[in-house]
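Subject: Structure handover

Hi there,

Here is the structure I promised to pass on to you. Please open it alongside this note, and I will go through what turned up.

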Amino acid sequence: MTIAATVIRQIQTALTVPETGGILGVRAGRVVSEFHHDSTGTTTERNYIPDTESLNAVLRDWQRRGIEFVGFVHSHRADKKNLSKLDIRYAEKIKTHCGMSEILMLIYLPDDKTIHKYIL
């Protein structure tokens with residue numbers, strides 16, 4: 001799955017500190033063309049907890065507009081480029097709940113502006 005340059009720039013602009021995030025979508029094909037920053041999610045020094053009520057409203061809007069939800073992005077500290085066990089558990093729950101065959105998980109490191117892509 002490819003990520004559009006505009007989405008990469010939006011992620012870099014929105015996720016400036018560790019433990020923030022958002023959702024990702026596609027309009028057609030396998031190019032991630034949509035990003036919604038979860039600006040109302042709960043963040044701590046060690047965790048990002050999505051605002052599911054707000055994100056579900058965005059997902060309903062996306063569905064009406066023909067945008068398919070494909071996954072999440074969230075930021076980590078520079079030394080944590082891999083998914084945590086909690087990240088994997090959360091992704092698997094969403095994948096099952098949504099009937100998805102795969103889910104895209106991006107880890108963004110604001111310190112060096114790198115994105116690490118995982119498909120579960």
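Let me start with the nonpolar packing. The largest nonpolar core in this predicted model has 16 residues, and Ile23, Phe69, Phe72, Ile103 and Met105 are those with the most contacts inside it. Helix 2 (52–64), strand 6 (68–75), helix 3 (85–98) and strand 7 (104–109) are the elements that give two or more residues to this core. Apart from it lies another core, of 15 residues, which includes Met1, Phe35, Leu104 and Tyr108.

Ile23 is a good residue to click on. Leaving out residues up to four places away in sequence, Ile23 touches Glu34, Phe35, His36, Leu55, Val58, Leu59, Trp62, Phe69, Gly71 and Phe72.

One of those partners, His36, sits in strand 3 (residues 31–37). With the same sequence neighbours set aside, His36 touches Gly22, Ile23, Leu55, Val58 and Trp62. His36 counts as partly exposed because its relative accessibility is 26%, between the 20% and 50% cut-offs. If you want a distance to check, the C-alpha atoms of His36 and Arg64 are separated by 15 Å, with their positions 28 residues apart along the chain.

Now for the charged side chains. The structure holds six salt bridges, and here are some of them:

- Arg30 and Glu102 meet through their side chains at 2.9 Å, N to O. This pair links distant parts of the chain, 72 residues apart: Arg30 is in the loop between strand 2 (21–26) and strand 3, and Glu102 is in the loop between helix 3 and strand 7. Arg30 is partly exposed, with a relative accessible area of 46%, and Glu102 is also partly exposed, at 29%.
- Asp61 pairs with Arg65, and their closest N and O atoms are 2.9 Å apart. Asp61 is partly exposed at 26%, as is Arg65 at 43%.
- Glu92 pairs with Lys95, where the closest N and O atoms are 3.4 Å apart. Both lie in helix 3, three residues apart, about one turn of the helix. Glu92 is partly exposed at 31%. Lys95 counts as buried because its relative accessible area is 14%, and buried means under 20%. Elsewhere, salt bridges that share partners join Asp61, Arg64 and Arg65 into one network.

That is the tour. Happy to talk any of it over once you have had a look.

Best wishes

Definitions and conventions: Residues numbered from 1 in each chain as written. Predicted model: local features only at pLDDT ≥ 70, side-chain atom pairs only at ≥ 80, totals over all residues. Heavy atoms only, no water. Helix = DSSP H or I, 4+ residues; strand = E, 2+ residues; numbered from the N terminus. Buried < 20%, exposed > 50% of the residue type's maximum accessible area, 1.4 Å probe, protein only. Contact = heavy atoms within 4.5 Å. Core = buried A, V, L, I, M, F, W, Y, C linked by side-chain atoms within 4.5 Å. Salt bridge = Lys/Arg side-chain N within 4 Å of Asp/Glu carboxyl O.
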